[in-house]
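This report covers the ligand site of the model below and then its internal cavity space.

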Amino acid sequence: MPSTDNVMDKLVSLAKRRGFVFQSSEIYGGLGSVWDYGPLGVELKNNIKERWWRSMVHAREDIEGLDAAILMHPKVWEASGHVAGFTDPLVDCKHCKNRFRADDPRIKGTPGQPDAQCPVCGSRGTLTEPRMFNLMFKTFMGPVEEAAAVVYLRPETAQGIYVNYLNVLQSSRQKIPFGIAQIGKAFRNEITPGNFTFRTREFEQMEMQFFVKPGTDQEWFEFWRHERMKWLVELGIRPEKLRFHQHTKEELAHYAKDAYDIQYEFPFGWQEFEGIHNRTDFDLSRHQEYSGKKLDYLDPATNERFVPYVVETSAGADRTALVTLVDAYGEEEVAGEKRVVMRLHPALAPLKAAVFPLVNKDGMPELARRVYDDLRRHYNVFYDDGGSIGRRYRRQDEAGTPFGITIDGQSTADATVTVRDRDTLQQVRINTDRVVSYLGERVKG
Ligand code: GAP
């Protein structure tokens with residue numbers, strides 16, 4: 001592994017060069033901490049989301065899917081506690097006009113005091129006292145820009161699940177315990193965003209809320225935190241780079257009774273990219289109170305009525321994608337030459353294979369095209385006939401493509417191709433009619 005200092009710089013540059021991630025609105029100078037996924041990035045993120053959906057929804061009898069709207073009734077956010085409590089303490093520098101989180105480690109001294117030093121312009125005594133700043137984006141619904149028309153872009157997808165909990169319960173005929181899963185965009189006006197796609201202002205969450213009988217919540221909480229860790233290891237992430245962090249009392253969110261982060265050791269330190277939370281009956285009770293609608297559950301077995309407790313698993317699709325990119329990044333020397341290789345799990349790799357005619361003559365391009373056409377009916381694959389074969393392999397190594405299929409002089413004689421493995425660099429020769437099944441055995445999740 002290369003030195004950790006510049007791995008992020010190298011990754012940002014590779015991500016742009018190869019079409020994983022671009023800065024939003026780049027030709028206008030960019031928009032702060034908003035990113036666009038290019039042709040390879042969108043495939044990677046879709047593969048992650050698809051795998052999550054398969055394991056959380058399709059593979060389980062007791063979880064239903066949902067796609068709630070981003071815009072919700074503004075009272076939702078009063079009930080959830082976000083209007084009052086989803087805030088960060090901020091300080092401004094009166095000299096350079098920059099704004100920071102009050103706990104920004106770069107600030108020297110106490111904001112508001114004469115000794116405090118601005119981390120950007122270096123002035124002393126120019127930082128204001130901390131003020132609370134709400135992280136929700138506000139906009140207006142309808143033609144009138146007035147207080148009564150304020151709506152928010154959701155800061156988490158979970159609330160769309162809570163307000164639909166009875167609709168899903170009744171329409172799906174589930175019984176408690178059961179869960180509702182959703183993938184969707186969330187927005188936070190983060191003050192200290194950064195570290196590439198780690199902390200952004202627009203991002204996607206993959207959340208599941210599991211509704212349980214009070215008293216069984218801690219058991220389900222334990223179950224789900226282990227399930228989620230297992231899923232991440234199966235994604236090919238190195239287990240030694242993963243750990244749990246249990247929230248201290250001070251760290252717990254206003255809704256949580258217990259919470260674990262799943263952290264990854266990024267080049268910039270151990271950081272959370274998924275959380276498992278015991279949210280108790282906080283959200284459903286609050287929505288019951290604010291909406292005036294009963295949200296309790298009648299247990300058909302015992303005739304008991306209760307407001308369910310909720311165990312939440314909350315992952316960021318973008319942070320998970322970033323984890324897979326960081327974890328996959330490698331540099332090594334092969335036959336005296338440096339190669340950069342993205343060792344992405346084959347099921348996540350944006351391209352499953354690339355097809356190369358060794359030279360553009362002697363029937364090789366025609367056969368290569370036939371192999372490529374066969375393959376692309378099943379998988380996302382790439383055809384490349386430009387440059388030396390070594391350079392073509394290197395380009396695919398950087399894209400994380402697990403297999404390189406080369407059509408050479410022998411191929412046209414005996415209908416065989418060579419398949420090069422990205423990680424072992426081993427080559428095997430197989431019949432052209434076996435290529436689709438050969439890949440199928442290796443790239444399915
Ligand atoms: N519903 C609970 C909830 O939203 P959270 O810990 O605030 O909990 C869950 O967020 C996950 O969403 C995080 O672990 C992270 O992966 C992702 N996330 C949160 N804020 C983010 C941001 N500003 N940029 C990218 N991902 C973010």
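Which residue has a backbone N or O atom 2.9 Å from an oxygen atom of the ligand? In this predicted model, that residue is Phe273. Two side chains also have polar atoms facing a nitrogen atom of the ligand, as listed here with Phe273.

| Residue | Protein atom | Ligand atom | Distance |
|---|---|---|---|
| Glu207 | side-chain N or O | nitrogen | 2.5 Å |
| Phe273 | backbone N or O | oxygen | 2.9 Å |
| Arg319 | polar side-chain atom | nitrogen | 3.5 Å |

Taken alone, the ligand exposes 550 Å², and the protein buries 93% of that. The ligand occupies the largest pocket. Two or more residues of the surrounding shell come from each of strand S10 (202–212), strand S13 (269–280) and strand S16 (309–316). S13 gives the largest share, 5 residues.

In total, 19 residues surround the ligand, and the closest are Glu156, Arg188, Thr200, Glu207 and Glu272. By class, the shell holds 10 charged, 5 polar and 4 nonpolar residues.

The search for cavities covers the whole structure and finds 1 of 30 Å³ or more. The largest cavity contains about 40 Å³ of space. Its lining includes Phe356, Tyr393, Gln396, Asp397, Arg420 and Arg422. Helix H11 (389–399) and strand S21 (403–407) each supply at least two lining residues, and the largest share, 3 residues, comes from H11. The lining of the largest cavity divides into 4 nonpolar, 3 polar and 3 charged residues.

How values were computed:
Residues numbered from 1 in each chain as written. Predicted model: local features only at pLDDT ≥ 70, side-chain atom pairs only at ≥ 80, totals over all residues. Heavy atoms only, no water. Near = heavy atom within 4 Å. Polar contact = N/O pair within 3.5 Å; in protein donor to acceptor, adjacent residues only side chain to side chain. Areas by Shrake-Rupley, 256 points an atom, 1.4 Å probe, with all protein chains shown as cover. 1 Å grid on protein atoms, 1.4 Å probe; cavity = no way out; pocket = protein on both sides within 12 Å on 5 of 7 lines; lining within 4 Å. Sits in = over half its atoms within 2 Å of the grid points. Helix = DSSP H or I, 4+ residues; strand = E, 2+ residues; numbered from the N terminus. Nonpolar A, V, L, I, M, F, W, Y, C, P; charged D, E, K, R; others polar. Points joined across faces, edges and corners; volume = space filled by probe spheres on them.
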